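Please look over the sequence and the three-dimensional model shown here, and follow the explanation with both in view.

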Amino acid sequence: YSITMFKSYSPLVLARLQDNELRFKTGEEPFTMAEMFRFFRETNWQELTQKTNINSFRRELQRIHLDLMNMIVVKSFRSIPRDAISLARADLVWIQSQAKAALTMGKFDDYTTAHLQETLAKINAALNAEMPQSF
């Protein structure tokens, strides 16, 4: 699954998804980059909305997803579509909001609590990083 995620967030796939949206006629429904971001966000972080403990395999998957979003937002490589940068930032904001809410509402084991605290620290660092210069 993590290999699929890495490939899905590659600059080439992101660019193709964005271009693909323009190839469909009115009334046809393309698979969009926004849908892909939403799918991975909701699938990878479902414990946040369920307020359940996160096992070690899922924590690692979430770390990989978080690292990918942070890389897209902070590094902003020229080959990554700007819409992907916006979507990755929106994902970070969503995860941040859900993690904060989960921590205040849920009773978690020590691993989950530490993981969510670390997640929030990483998101705060990424969102507070200096914006890269325009290219």
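At a relative accessibility of 1%, Ile72 counts as buried, because the cut-off for that class is under 20% relative accessible area. The model in which this value was computed is a predicted one. Ile72 lies in helix α5, and, when residues up to four places away in sequence are left out, Ile72 touches Tyr9, Ile80, Ala84, Ile85 and Ala88. As for Ser2, this residue stands 70 residues from Ile72 along the sequence, and the C-alpha atoms of the two are 16 Å apart in space.

A second residue of interest, His65, is also found in helix α5. His65 has a relative accessible area of 0% and is therefore placed in the buried class. What does His65 touch, not counting residues up to four places away in sequence? The partners of His65 are Met5, Tyr9, Phe40, Arg41, Asn44, Trp45, Asp91 and Ile95.

One of these partners, Asp91, has its place in helix α6, which covers residues 82-105. With a relative accessibility of 2%, Asp91 counts as buried, since that value falls under the 20% cut-off. Leaving aside neighbours within four places in sequence, Asp91 is in contact with Tyr9, Phe37, Arg41, His65 and Met69. Tyr9 thus appears among the contacts of Ile72, among those of His65 and among those of Asp91, while Arg41 is listed both for His65 and for Asp91.

From these individual residues we can turn to the packing of helices. Two packed helices are described by the angle between their axes and the distance between the axes. Helix α5, made up of residues 56-75, and helix α7, made up of residues 110-128, pack at an angle of about 5 degrees, and their axes are 10 Å apart. Because angles under 35 degrees count as roughly parallel, α5 is described as roughly parallel to α7. On the α5 side, the residues that take part in this contact are Arg59, Gln62, Arg63, Leu66, Asp67, Asn70, Val73 and Val74, and in α7 they meet Tyr111, His115, Glu118, Thr119, Lys122, Ile123 and Ala126. Sorted by class, the contact of α5 with α7 has 6 nonpolar, 4 polar and 5 charged residues.

Ahead of α5 comes a loop that deserves a separate remark. Lys51 is located in the loop between α4, which covers residues 46-50, and α5. The phi angle of Lys51 is near 55 degrees, which is a positive value in a residue other than glycine. Lys51 has a relative accessibility of 33% and so counts as partly exposed, as this class lies between the 20% and 50% cut-offs.

It remains to set these details within the chain as a whole. The chain contains 7 helices and 0 strands, and, read along the sequence, it follows the pattern α-α-α-α-α-α-α. For a compact globule with 135 residues, a radius of gyration near 14 Å would be expected, and the 16 Å of the chain agrees with this. The C-alpha trace spans about 50 × 35 × 25 Å along its principal axes. Of the 135 residues, 39% count as buried, and the accessible surface of the chain comes to about 8,200 Å², of which 53% belongs to carbon and sulfur atoms. Among contacts between residues at least 6 apart in sequence, 66% join residues at least 24 apart.

Conventions. Residues numbered from 1 in each chain as written. Predicted model: local features only at pLDDT ≥ 70, side-chain atom pairs only at ≥ 80, totals over all residues. Heavy atoms only, no water. Axes fitted to C-alpha atoms, helices over the stretch in contact; angles between N-to-C directions. Helix = DSSP H or I, 4+ residues; strand = E, 2+ residues; numbered from the N terminus. Parallel < 35°, antiparallel > 145°, perpendicular 65-115°, else oblique. Contact = heavy atoms within 4.5 Å. Nonpolar A, V, L, I, M, F, W, Y, C, P; charged D, E, K, R; others polar. Buried < 20%, exposed > 50% of the residue type's maximum accessible area, 1.4 Å probe, protein only. Rg over C-alpha atoms; globule rule 2.2 N^0.38 Å. Areas by Shrake-Rupley, 256 points an atom, 1.4 Å probe, with all protein chains shown as cover.
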